[in-house]
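User: Please take a close look at how the helices pack against one another in this model. I would appreciate a connected account that then turns to the ligand surroundings and to any unusual backbone geometry.

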Amino acid sequence: MRVLVAGGTGLIGRSLIRELLAAGHDVVVLTRRPQEARAVLPPGVGVRGWSPPEPLESSVLAGTDAVVNLAGAGIARRWTDAAKREILSSRTAATTALIQAMQTLSARPRVLVNASAVGYYGPRGDEIVTETDLPGDDFLAQVCREWEAAATGAEALGVRVVRLRIGLVLGRGGALSRMSLPFRFFVGGPMGSGQQWMPWIHMDDLTGLVRFALDNDGLSGPVNGTAPNPVRNGDFALALGRVLRRPAALRTPAAALRLVFGEMAGMLLTGQRAIPQAALAAGYRFRYQELVPALEAIYAH
Ligand SMILES: NC(=O)c1ccc[n+]([C@@H]2O[C@H](COP(=O)([O-])OP(=O)(O)OC[C@H]3O[C@@H](n4cnc5c(N)ncnc54)[C@H](OP(=O)(O)O)[C@@H]3O)[C@@H](O)[C@H]2O)c1
């Protein structure tokens, strides 16, 4: 099938695209930087430019069977007012541009797999969280609510929509690289109390879930993109230390994180004990159910 991946130049997109190509699919990437994209994407991937919130030519979507929307400005930085505006509007604008382009097509894509995040649920303490739970009300929850609301607009066009509420994706690069840095310098450890839950997922399972969602006509609505066994931050630090053969004893106080990262520190100091109920019920089989083997697989390379 022909799959259009918006934001396909990023961490998740590049892994996903490798798998889609290996499975024999045609892949087209939508990017704001076509020239740079050609340099980082494998040969054979189609590259089309866009610049949301500008409208997208519907001809770009002609012949597309499935759309995966990963586009959005990075959140791992201080959330100034301008950063917050960009984090929210980049996601809603990209999603809205895709759906508006679908409107005028006579043959529309069958499915839209739209990224969202476990931040949808807000900070949840020890509560077990599944897709039926209500959203939170902090900044990230608001972003995810509006992002998902925009994506849901495709349902009225007869497109099956899967809203993938992604957890912390463990792969080479991204958040795991940033988190492992202090461990490499022997100063790793828990963040704050270390009691907060971390809904992680190995990259292979995240891309596996996207492909499962593309293929599985019975799956729609919210799907937690998280492994079945989330861990507390303190246990995550111990596991990372064990795999990297480094101590994990140096706790970073919550006050220090707040000082450095401001409001964004809340994302590091709170979490969700999210369970992938929808994926398990639909029959997705996780390759990495436990954290240590997932980390070992990443650092074995
Ligand atoms: N990685 C995780 O742990 C994680 C967890 C939860 C949710 N998610 C969500 O999943 C999606 C993909 O994650 P990722 O880790 O692959 O992200 P990423 O590496 O930051 O890639 C996101 C892509 O979005 C595009 N983009 C950036 N700023 C944009 C803007 N202002 N407007 C439109 N497009 C923009 C970029 O593509 P171009 O520069 O080529 O246009 C970029 O390659 C993101 O939306 C992220 O929020 C990720």
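Analyst: Helix 5 passes helix 7 in a right-handed crossing. This is a predicted model, and the description below should be read accordingly. Two packed helices are described by the angle between their axes and the distance between the axes. For helix 5 (residues 174-184) and helix 7 (residues 233-244), the axes come within 10 Å and cross at roughly 70°. Because angles of 65 to 115 degrees count as roughly perpendicular, helix 5 and helix 7 are roughly perpendicular to each other. On the side of helix 5, the contact is formed by L176, M179, S180, F183 and R184; helix 7 contributes F236, A237, L240, G241 and L244. By class, seven residues of this contact are nonpolar, two are polar and one is charged.

A second packed pair consists of helix 1 (residues 11-22) and helix 6 (residues 203-215), whose axes lie 10 Å apart at an angle of about 60°. Helix 1 and helix 6 are therefore oblique to each other. Their crossing is right-handed. Helix 1 supplies L11, I12, S15, L16, E19 and L20 to the contact, while M203, D204, L206, T207, G208, V210, R211 and L214 come from helix 6. Here the contact comprises eight nonpolar, three polar and three charged residues.

L11 also leads to the ligand: a polar backbone atom of L11 is 2.9 Å from an oxygen atom of the ligand. There are 24 residues around the ligand, of which T9, T31, R32, R33 and R91 come nearest. For R32, a polar side-chain atom lies 2.8 Å from a ligand oxygen atom. V169 takes part through its backbone, with a polar atom 3.0 Å from an oxygen atom of the ligand.

Turning to the backbone, most residues other than glycine have a negative phi, and most peptide bonds are trans. Two places in the loops depart from this pattern. The loop between helix 5 and strand 9 (197-198) contains F186, a residue other than glycine whose phi is positive, near 65°. The other place is the peptide bond from P52 to P53, which is cis with omega near 15°. P53 belongs to the loop between strand 3 (46-49) and strand 4 (66-69).

How values were computed:
Residues numbered from 1 in each chain as written. Predicted model: local features only at pLDDT ≥ 70, side-chain atom pairs only at ≥ 80, totals over all residues. Heavy atoms only, no water. Axes fitted to C-alpha atoms, helices over the stretch in contact; angles between N-to-C directions. Helix = DSSP H or I, 4+ residues; strand = E, 2+ residues; numbered from the N terminus. Parallel < 35°, antiparallel > 145°, perpendicular 65-115°, else oblique. Left-handed = near helix turned anticlockwise from the far one by under 90°. Contact = heavy atoms within 4.5 Å. Nonpolar A, V, L, I, M, F, W, Y, C, P; charged D, E, K, R; others polar. Near = heavy atom within 4 Å. Polar contact = N/O pair within 3.5 Å; in protein donor to acceptor, adjacent residues only side chain to side chain.
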